[in-house]
Amino acid sequence: MFETLINSERDGGGKATTKDRILDAAESLFAEKGFSETSLRGITNKAEVNLASVNYHFGDKKSLIQAVIGRRIDALMPTWEADLTELSKIGREVSLEYVLETIFRPILEMDQQTPGSATILMRLLGRAYSETQGHLRRFMQERYGTLLLGYYSLLSQSLPQLSPVELFWRTHFTLGTVAFTLASDEALKQIAESDYNESAGIESVIRRLVPYLANGLRAAS
């Protein structure tokens, strides 16, 4: 499944470089099996390259994991950064729902351009969130810390009634809900269609998800 989605992004894009083939193979296997269960040998076999190529381009498995995650997130950063700048100008007047919508918007746009890419991203982030990968947390903080802190500050401004520790836990629960829902997008759509005769695309899923998350974040203690 993930290999098909990743390969579809190369349509019309010419022949993939060795580095791209390694990234594509690693991304597909990481999304499917997880970081710990994916070996470098499995990646080299899938990418049809030798181990020396992986070492040359990435150095080690940890750096490869970071490159796979970074490739997806970096594509979304310009929109997130621009939106954060605009939201920061609005300040306390911005609604919690609007903050959440701006976080989801570039993910939705990416998925509209390349169907299934949001599933890959959230499956990877879900893996990073649930598996013990201390280096990934450091990588995310160092590379995206300013953005993460900016959005966290907006959530705090929108939820002044919450203590810092309560905001931490609710943000944690929110991230878990988002990762599970979007990573399970295909399965949820199949259930909605077979059991409730409803065709649910990712846009409708996010439309339902935003008010659910907002109400959970602001619920009385």
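1. Helices (H or I, at least four residues) and strands (E, at least two) are DSSP runs, numbered from the N terminus. Y152 is found in helix 8, residues 134-158. Y152 counts as partly exposed because its relative accessibility is 31%; the class lies between buried (under 20% relative accessible area) and exposed (over 50%), with a 1.4 Å probe and protein chains only.

2. On provenance: this is a predicted model, where local features need pLDDT of at least 70, side-chain atom pairs count only at pLDDT 80 or more, and totals for chains, interfaces and linings use all residues. Residues are numbered from 1 along each chain as its sequence is written, and side-chain values use heavy atoms, leaving out hydrogens and water.

3. Y152 joins V165, F168, W169 and F173 in a nonpolar surface patch of about 510 Å². Helix 9 (residues 164-183) gives the most to this patch, with four residues. Patch members have over 30% relative accessible area and no salt bridge; nonpolar side chains (Val, Leu, Ile, Met, Phe, Trp, Tyr) are joined within 5 Å, like charges within 9 Å. A salt bridge puts a side-chain nitrogen of Lys or Arg within 4 Å of a carboxyl oxygen of Asp or Glu. Areas come from the Shrake-Rupley method with a 1.4 Å probe; for residues, only the protein chains shown count as cover.

4. D83 is found in helix 5, residues 61-90. D83 counts as buried because its relative accessibility is 12%. Beyond neighbours within four places in sequence, D83 is in contact with T102, R105 and Y151 (heavy atoms within 4.5 Å).

5. An unreviewed UniProt entry annotates residues 39-58 as "DNA-binding region". That span is 80% helix and 0% strand. UniProt annotations may be inferred rather than shown by experiment.
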